[in-house]
Amino acid sequence: MTDLSPAPRRAYIEVEDLSVQFPTEDGLVRAVDGVTFSIDKGQTIAIVGESGSGKSVTAQAIMGLVNARTADVTGHVWVDGQDIVGMTDDELRKMRGSTMAMIFQDPMSSLHPFYRIGAQLTEAVNVHNKVSKKEARDRAIEMLQKVGIPSPEKRIEDYPHQFSGGMRQRVMIAMALINSPSLLIADEPTTALDVTVQAQIMELILELQQEYNTAVVLITHDLGIVADAADQVAVMYGARVVESGVIDDIFYKPEMPYTLGLLASVPRLNQVRADRLDPIPGNPPSPIRLPSGCVFNPRCVYKDRVEGDLCATERPALLPTDLGHMVRCHMSKEDREAVATIALGTLGRETA
Ligand SMILES: Nc1ncnc2c1ncn2[C@@H]1O[C@H](COP(=O)(O)OP(=O)(O)O)[C@@H](O)[C@H]1O
Ligand code: SF4
Ligand SMILES: [Mg+2]
């Protein structure tokens with residue numbers, strides 16, 4: 001019988017088996033290894049993990065910013081049905097700033113120090129749209145207003161250094177969103193800011209996401225800011241996604257030992273036993289010499305629950321443990337749930 005069911009629908013963004021390798025003098029750097037996730041318009045996925053786990057390189061690959069001359073990018077990044085991997089520089093330039101945009105920890109990576117911000121914002125409009133000078137200027141002022149810059153018609157004449165850190169961050173967000181992209185990648189956007197400004201900037205990003213129905217990839221090493229901001233979470237360790245799911249899966253039903261360690265190091269989740277704050281002992285792996293087997297095995301305190309030396313010899317696959325919840329670990333589901341209860345119990349929390 002012919003199968004008449006429709007083909008599975010692609011999400012707006014589908015990252016499929018994405019890998020990035022840099023050949024270097026010291027050896028091959030495996031920065032991203034088989035990363036897969038998807039996200040729809042209006043949704044936010046948070047990518048979390050320690051420094052060096054491959055978050056920024058994943059973001060750069062999605063934006064087509066990894067230099068094909070110095071790196072080997074494989075897999076697919078489908079943006080609205082078009083594959084970013086393999087696009088020409090020209091095609092990518094057309095996408096960047098119109099369909100997709102990126103913001104960073106340091107606003108000066110997007111803003112030129114020697115040009116007035118008005119000139120930079122109108123230039124960003126003009127690259128992708130045929131509009132009059134006045135229309136571009138009006139759009140720049142409107143965008144500055146939206147990101148909360150007071151007296152935008154005056155401030156448009158200022159240079160980046162005339163703004164405070166938080167305000168500069170707002171200007172960068174205005175610049176990224178001025179052509180209403182459908183995808184925004186935010187790479188540690190609040191890491192350099194103090195806590196109050198951090199919260200304001202996150203709130204601003206979420207407000208604008210609602211207004212434009214933008215898909216957001218939020219990259220952070222801080223699980224603490226994820227809970228209010230994201231719909232889904234992908235936890236990265238040693239270039240791979242080790243656990244992914246909706247917020248509740250990751251915060252209340254985590255199963256991968258590395259995720260348990262990350263949760264244990266979030267102060268906000270730890271009010272009950274703040275004295276037991278317990279960062280994960282040991283160091284992240286070198287991307288040139290990733291451990292064989294489970295990349296987390298040198299730091300994992302639960303590997304004796306797995307028979308034989310599977311943890312040291314065989315790479316666990318990322319497998320579904322529940323609908324939409326994926327885990328990469330050799331332990332049985334019973335054992336994973338048991339260790340989660342112990343780990344989270346120590347923190348005075350309950351698993352759902
Ligand atoms: N251009 C490059 N050449 C060689 N190695 C790189 C390059 N860019 C990143 N890396 C390495 O790839 C790994 C992942 O980096 P990155 O994605 O920046 O980590 P994260 O953002 O999670 O802190 C790191 O070990 C980093 O040193
Ligand atoms: S596969 Fe083994 S080493 Fe890796 S997280 Fe699971 S128990 Fe720990
Ligand atoms: Mg980074």
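Here a biologist and a modeller talk through a predicted model of a protein chain with its ligands.

Biologist: Before anything else, what makes you call the fold compact, given the radius of gyration?

Modeller: The yardstick is a compact globule of 352 residues, which would have a radius of gyration near 20 Å; the protein chain comes out at 22 Å, so the two agree. If you like boxes better, the C-alpha atoms fill roughly 70 × 55 × 50 Å along the principal axes. Inside that there are twelve helices and twelve strands.

Biologist: Which domains does the chain have, and how far apart are their C-alpha centres?

Modeller: The assignment gives domain 1 as 13-99 + 181-346 and domain 2 as 108-180. Their C-alpha centres lie 31 Å apart.

Biologist: How do you know which residues make the contact between them?

Modeller: Two residues are in contact if their C-beta atoms lie within 7 Å, so that cut-off picks them out. The contact takes eleven residues from domain 1 and 15 residues from domain 2. On the domain 1 side, helix α7 (residues 195-212) gives the largest share, six residues. By class, that side of domain 1 has nine nonpolar, two polar and no charged residues.

Biologist: On to the eight-stranded sheet. What is its order, and what sort of pairing does it have?

Modeller: The order is β6-β7-β8-β3-β9-β10-β12-β11, the sheet is open, and the pairing is mixed.

Biologist: Why are β6 and β11 said to stand at the edges?

Modeller: β6 (100-103) and β11 (319-322) each have a single partner strand, so one side of each is left without a neighbour in the sheet. As for twist, neighbouring strands of this sheet are turned by 25 degrees against each other on average, direction ignored.

Biologist: What makes β11 and β12 count as a pair?

Modeller: Two strands pair if DSSP finds at least two bridges between them. Three bridges join β11 to strand β12 (residues 325-327), and the two run antiparallel, so by that rule they are a pair. For a spot to click on, P320 stands opposite M326 in β12.

Biologist: Which strands does α1 touch where it packs on that sheet?

Modeller: α1 touches β3 (44-48), β6, β7 (183-187), β8 (215-220) and β9 (232-237), and its direction makes about 155 degrees with that of β8. Helix α6 (residues 165-177) packs on the sheet too, touching β6 and β7, with its direction at about 170 degrees to that of β6.

Biologist: And the four-stranded sheet: what is its order, and which strands are its edges?

Modeller: This open sheet runs β2-β1-β4-β5 with antiparallel pairing. Its edge strands are β2 and β5 (82-83), and each pairs on one side only.

Biologist: How do you know that β1 pairs with both β2 and β4?

Modeller: Count the bridges against the minimum of two. Nine bridges join β1 to β2, antiparallel, and seven join β1 to strand β4 (residues 72-79), again in the antiparallel sense. Both counts meet the rule, so both are pairs. On the β2 side, V15 stands opposite F37 and P23 stands opposite L28. On the β4 side, I13 has V79 as its bridge partner, and V20 has V73.

Biologist: What makes β4 and β5 a pair, and what is going on with D80?

Modeller: β4 and β5 share two bridges in the antiparallel sense, so they satisfy the minimum of two. V79 stands opposite Q82 in β5. The hairpin of β4 and β5 has two residues between the strands, and D80 takes a positive phi near 50 degrees there. β1 and β2 form a hairpin as well, with two residues between them.

Biologist: Last topic, the ligands. What puts a residue in the shell around ligand 1?

Modeller: The test is a C-beta atom within 6 Å of the ligand. For ligand 1, 13 residues surround it, and the closest are F22, A31, K55, S56 and V57. β1 (13-24), β2 (27-39) and α1 (55-62) each supply at least two residues, with the largest share, three residues, coming from α1.

Biologist: How do the shells around the two ligands divide by class?

Modeller: Around ligand 1 there are five nonpolar, seven polar and one charged. Around ligand 2 there are eleven nonpolar, two polar and one charged. The shell of ligand 2 has 14 residues, the closest being C294, N297, C300, C311 and C329.

Notes: Residues are numbered from 1 along each chain as its sequence is written. Chains are lettered from A and ligands numbered from 1 in the order in which they are written. This is a predicted model: local features need pLDDT of at least 70, side-chain atom pairs count only at pLDDT 80 or more; totals for chains, interfaces and linings use all residues. Ala, Val, Leu, Ile, Met, Phe, Trp, Tyr, Cys and Pro count as nonpolar, Asp, Glu, Lys and Arg as charged, and the others, Gly among them, as polar. Axes are lines fitted to C-alpha atoms, for helices over the stretch in contact, and angles run from 0 to 180 degrees between N-to-C directions. Domain bounds come from an automatic or database domain assignment. The radius of gyration is taken over C-alpha atoms; the globule rule is 2.2 Å times the number of residues to the power 0.38.
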